[in-house]
Amino acid sequence: MKKAEVINLVTEYKINPIGIDVLKPRLGWQLNSGEQNVMQTAYEIRVANSKKDLESGKNLIWSSQKVESDQSVNVVYGGPALTSMQRVYWQVRIWDNKNRSTSWSSPALWEMGILDRSLWTASYIAMDDITTEKKSHPSQYFRTEFKTKKAIKSAKVQVTSLGVYELYLNGEKVGNDLFTPGYTTYNKRLQYQTYDVTEMLQGNNAIGAIVGDGWYRGNIGWKGDYAFYGKQLALLVQLNINYTDGTNETIVSNGEWKASYGPILESDMYNGEKYDARLEMDGWAQSGFDDNKWTKVQILDHSKEILVAPQGPPVKAIDEIKPKKLITTPKGEIVLDLGQNIVGWARMRVTGNKGDRVILKFAEVLDKDGNFYTKNLRAAEATDMYTLKGDGEEIFEPHFTSHGFRYIQVIDYPGTLSLDDITGIVIHSDIAPTGSFTTSDPMINQLQSNIQWGQKDNFLDIPTDCPQRDERAGWTGDAQVFSMTAAYNFDVAAFYTKWLKDLALDQHENGSVTNVVPDILTGGEGVSAQGGATGWADAAVIIPWTVYQSYGDKRILEEQYESMKAWVDFIAVKSGKDYLWNDPKHWHWGDWLAYNADKPDYNGSVTEKDLIATAYAYYSTTLLAKIAAIIGKTEDVGKYKEQAVNIKKAFIQEYITPNGRLVSHTQTAYAMAISFDLIPEGLIEKSAAYFAADIEKFGHLTTGFLGTPLLCTTLSKIGRDDLAFMLLNRKEFPSWLYPITMGATTIWERWDTQKPDGTIIEGMNSFNHYSYGAIGEWLYTHVGGLRIDPENPGYKHIIFDPHPGGGLTSADAEFLSLYGKIKSAWEVKDGKFHYEVVIPANTTASVTLPEATPDSIHLNNSKLKSDLLKTLRQTDEGVQLELGSGTYQFSYPSEKLKL
Ligand code: BGC
């Protein structure tokens, strides 16, 4: 048997992060053990300034000493305060429940960023280029040179910009992050990045940077906003060099730097990039370049108080896709098909004459006649243009734009275009994949693929509603409904931590939460400018809760607490004495884009907005009361519990008949009331029957953004897996599989984004909105049976409870938790139900074996042994067992299962 070891050390969810500004970082590790029933019983962490000190155990800056605890994630650093740019090394060893200890883990490290603001000695530098009209300006190039005369021990650069930047050192790009400094609510929080550039320095050095408009000064939102955060771009760079002789030097952006325009004539998130290779300036980011014609920069007075280290993962180019087909459309357009709707751009290889100009256009679909279709991009031009310099093979990739697309139209390509000349570059926030879900049904596997692509495509530093049209905004409702599914598919802890900070900062004084974050709408016109929409603004409470549930992260609850509380208090004020949030003047999106058939006898999918608002008021207030208890805000617990009780009473009185019927007799209303626990005990069966009857009557779903995520989980809750599977398996509109019959590779915004005859609804209509992908949560938790225990979250205690059905013969849900890999995989074969579960070390689990009887169960081909039998409980669903870590293969006859 392999000896247990401690592996995968993380600090603030990251591997060896540098430049962080979390003062008391949280540490985590995994226990790798091949044995069953392994739990950590104690740990010891040590931290030192150097690897040598760490490993010798001398001059430690902190030792936790041996702590009797099974905690192995989110363990707070408890040593002395760290200083700016301090790098520390750490390691950990643990003891387990079999009285053994591991050896010390391999060392990991973290490094602080700039904590003391007075250390920011660099100045923001800018060109004399102030936007006065709504027109893209060329990207700006900055440079300086410097010499290093001594041997270098280490060098770090801190950099940010107003706009988006690329940094170069001696001609090489620094790091491979995209769209840095990232998208935050720029007037309140501006991220800077730290890069280790020790290896990039030489004697004569040059620093160069390109700054483009990005979200800061480019087009943003669908109302034609331009230069929303500022009219002038700027750059801030600070390079700290430590020499081996113990001295330091800091190179900073200042009035000595030079600036120029270059080949990027226009670069805009929505419209694309125009690049003229004839204007390239060879060697501009290397020393010795003649910058005589470059202008002097200005110093821009801009706050350094708002500078923060990034908490989320950076955006990166993650994947490449080769086009599958080259098509000439009926209109004669030359179009390449990637076979997958992605976000990013096309890398082009081209040879031609100086001045030849190639245009690349991007689209999600072809129209019903097979022509290139861009109407649904609305005002986003999504067009890249490349002018050749004409010296052999040239490669073009844009810098500061991205497109949402599957098809690329190539116009005026010199010579003959082949599939090899274009590559689709997939970009997204570098969230690590954590979940996989597969079944015996290829269409459901395609649905899962579409959900995951929808997530990748819309996790571009913020959670966007869609990645292609003139919108791409951080819509809170979309993010809220999808957050749990998102947390199964990818590691989103750090991603949401970052975004929620902006949510709180943009929150209004009265507690109202904005519709989009970063908030680019407040102060504008129309209903979208009003915040505080039910189900949308509740992201303030629900997403931190999701992060807590998925990662056991209490700090996010603490840090977001004031924001949540302000939101729930806002609702209370709005609802007033009768606890009903029914103010007709207050705008809600309601069950946005619910199915609305044109059947004459169809009595509607429209759920009254005040019912939804009051239901969500109850849900968020209930969560807040729980959260207050978890983080020790005892004084608030009673208050919010009582408030919740009052909302529930009001809800029952106003919206539920004594017979359990809801006044909005819709699937959404029932799903919401049942799953939020708003139905009185005695009426649950009746309400459930109404709910089921409505689904049976129509034979399909009728729900929108808020109802859909709750639909199948609620059906499972009332024991109607059969209906949930019916909805899942349905292939006609409206359903999840209908888009797949139409060739969808991502989740659509509407149930009928494209009609069966190929017609595409005009106007607001995206082929890449993740909201309806929220069905993913039910796929993992019920079909796969891999679930969080809300009482012991973060997968410290796992609930395995598969719901086989719907004609599936197998399902396999896997999840990479903070403790390690979890697996829940079942298969029906040869008249038997085979079920494999994998439980990582330092966790425990409850397993339900559906429709099993104690004596029929085999574990690893033998009858259950007494230690397990002791934990066995016969339930209505089957047999329940309590398990420790390890891999278990169960099997038993399957004839009782309702497949
Ligand atoms: C967006 C959404 C959003 C909605 C508000 C749309 O324009 O694309 O997904 O939630 O507006 O209802």
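Trainee: What places Trp592 in polar contact with an oxygen atom of the ligand?

Mentor: A polar contact is a pair of N or O atoms within 3.5 Å. An N or O atom in the side chain of Trp592 lies 3.5 Å from a ligand oxygen, so the pair meets that cut-off. For the side chain of Arg469 the distance is 2.7 Å, and for that of Trp536 it is 3.0 Å. The protein buries 96% of the 310 Å² that the ligand exposes when taken alone (accessible area by the Shrake-Rupley method with a 1.4 Å probe).

Trainee: What do these values rest on?

Mentor: This is a predicted model, in which local features need pLDDT of at least 70, side-chain atom pairs count only at pLDDT 80 or more, and totals for chains, interfaces and linings use all residues. Residues are numbered from 1 along each chain as its sequence is written, and side-chain values use heavy atoms, without hydrogens and water.

Trainee: How do you know that β1 and β3 pair?

Mentor: Strands are DSSP runs of E with at least two residues, numbered from the N terminus, and two of them pair if DSSP finds at least two bridges between them. β1 and β3 have five bridges, in the antiparallel sense, so they pair. Val10, for one, has Gly28 in β3 as its bridge partner.

Trainee: Why are β1 and β7 at the edges of the sheet?

Mentor: The open sheet has the order β1-β3-β7, with antiparallel pairing. β1 and β7 (75-76) each have a single partner strand, so one side of each is left without a neighbour in the sheet.

Definitions and conventions
Helix = DSSP H or I, 4+ residues; strand = E, 2+ residues; numbered from the N terminus. Polar contact = N/O pair within 3.5 Å; in protein donor to acceptor, adjacent residues only side chain to side chain.
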